[in-house]
Amino acid sequence: MAPLTRRTAFPKVLIERDSDSEQSSSEEEEGEEEVLEEEDDGVTTANEKTENLEEDSDIKRKGKAPITISLKKVCKVCKKQGHEAGFKGATYIDCPRKPCFLCKKPGHTTLTCPHRVSTEHGVVPAPRKKTFKPLEYVFERQLRPSLPSIKPKYVIPDQVNCAVVRYHSRRVTCLEFHPTKNNILLSGDKKGQLGVWDFGKVYEKMVYGNIHSCILNNMRFNPTNDCMIYSASSDGTISYTDLETGLSSSLMNLNPDGWQGPNTWKMIYGMDINSEKGVVLVADNFGFLYMVDIRTNHRNGNAILIHKKGTKVVGIHCNPIQPDILLTCGNDHFARIWDLRYIEAETSIYDLKHKRVVNSAFFSPLSGTKILTTSQDNRLRIWDSIFGNMDSPSREIVHSHDFNRHLTPFKAEWDPKDPSESLAVVGRYISENYNGAALHPIDFIDTSTGQLVAEVIDPNITTISPVNKLHPREDILATGSSRSLFIWKPKEKSELVEEKDERKIVVGGRAEKKRGKRNGDISDESDDEVFSSKSKKLKSTKTQRKLSHRSTKDKR
DNA sequence: AGACTATGGACCC
DNA sequence: TGGGTCCCCTAGTC
């Protein structure tokens, strides 16, 4: 406490506040307190960006006339005075001069965005329209009978069962479950490394570092040999790798002459396999599609321009029922549907327009009659039936999955087990205040209603989780968050397991706090540490300290 | 603890 | 159509 005598030694200080900041400070109690303390002491802090002092030294010496300090806060986003953007505790306050960070519309901020309260944002389902395209016939004959009508009760894997942290040396970019072995998860990272993890045995993990030289964008299992995988990379190659040995061969190299500058360097993002035709389909960052025959390892024909020339194609998906129907998406703001039998430039069956880059586009996993897209305009879109009117989506769901150059792009994915083909999982960008901690949940969304079914969090996961994959057979979610991998199971189920709900977290690799090791081999098994959720904390972050002190959820 | 940075897309002209 | 500049709720390292 400042002594009273000190107060009298200084002239009275008046603090002039902006009316704007006064209005916007309803949630800024902490900030206000600080200001009041400063007032008592008559001292200003470095936090105040500008201060207008009436610097009349005569008056100061006499100690008569009050000094007026104008506390004009400067926003770090728009550089304007009167408000501040940034975290206030665990809640982020938007710059009010910018469009809403969530829905991208001006006039309000994320805190007051209507889509923050309810994620439901549907448009009237598109009317069915009689067309005479071949898809119509496919639909009526093959697909319509298999469409389910009953909606199941969703089982949400909402508790971390085990994890490997610092497993990859760079952020995780893709995940894939093994098609037959239930406990095997494959992961790719930004450096091009491939991880093979047996999360049933937690410690059994392997990282192969010599397959690609940069971002591993996509993986697919060989449909006839599940020991082998195809992987597509930004190094411009498709590799064919034996999971047991890590030995790989190159199926295609789009940069045979090496680096000739950014204008010619080809990168492969989207990849899928048409098992009927026996071809691997990939697309590059210049808008071209390539097909490689699995049996002969030869390219089929020439590259076909499927998106705007010079733009990146990021996603390729073959229809699960009709593999010749192809769905692609990319940076030209379109998702497009093609028929592989008649494919050439500008022969797309439908062009699904988006407002921004389309990160992903997936057919629904069972019937293939719905399409789910993730676009950088912060909206998920669903086309209810690819056989209806495709002029507009049947539903748009506002959801925070902003583009950020430092994050793997978000991709909403279907739950492959949901017979109603409604449930989707997608990581969330904006954080939410959970007991004083800012955490980024993973959202489960019912795409048929737009409702948020569940948001799952774990205090150990403090980073954004853009990569999520639901298990094809079990109620398991795999998450890639920064360099770490997490396996989630439903709470009830976890308790049935013999080990109780003891969560295992393996810290793999270098630079773990007590070791101080640098440049260690991140796949070095001896570097592992196991933590159980009951006894120890993974690491005592601010977040966890806060969480351990509070028990109730105070959000919303 | 704070500075630094890798790095992709939008938007401007 | 292309180069320059800005974005600024990242994560990890030095």
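**View 1. Arg483 and a phosphate of DNA strand C.** In this predicted model, a phosphate oxygen of DNA strand C is 2.9 Å from a polar atom in the side chain of Arg483. Arg483 is also among the residues that come nearest to DNA strand C.

**View 2. Two further side chains at DNA strand C, Lys76 and Arg405.** The side chain of Lys76 has an N or O atom 3.3 Å from a phosphate oxygen of the strand. For Arg405, the partner is a base nitrogen of DNA strand C, and an N or O atom of the Arg405 side chain lies 3.1 Å from this nitrogen.

**View 3. The protein surface around DNA strand C.** There are 19 residues around the strand, and the nearest are Ile430, Thr463, Ile464, Ser482 and Arg483. Of the atoms of DNA strand C within 4 Å of the protein, 61% belong to sugar and phosphate. By residue type, this surface has seven nonpolar, six polar and six charged residues.

**View 4. An open sheet of four strands.** The strands follow the order S27-S28-S31-S32, and their pairing is antiparallel. S27 (413-414) and S32 (451-456) are the edge strands; each has a single partner strand, so one side of each has no neighbour in the sheet.

**View 5. The pairing of S27 with S28.** Strand S28 covers residues 423-427 and runs antiparallel to S27, with two bridges between them. Within this pair, Trp414 is placed opposite Ala424, a residue of S28.

Conventions: Residues are numbered from 1 along each chain as its sequence is written. Chains are lettered from A and ligands numbered from 1 in the order in which they are written. This is a predicted model: local features need pLDDT of at least 70, side-chain atom pairs count only at pLDDT 80 or more; totals for chains, interfaces and linings use all residues. Side-chain values use heavy atoms; hydrogens and water are left out. A residue is near a molecule or strand if one of its heavy atoms lies within 4 Å of it. A polar contact is a pair of N or O atoms within 3.5 Å; within protein, one must be able to donate a hydrogen and the other to accept it, and residues adjacent in sequence count only if both atoms are side-chain atoms. Ala, Val, Leu, Ile, Met, Phe, Trp, Tyr, Cys and Pro count as nonpolar, Asp, Glu, Lys and Arg as charged, and the others, Gly among them, as polar. Two strands pair if DSSP finds at least two bridges between them.
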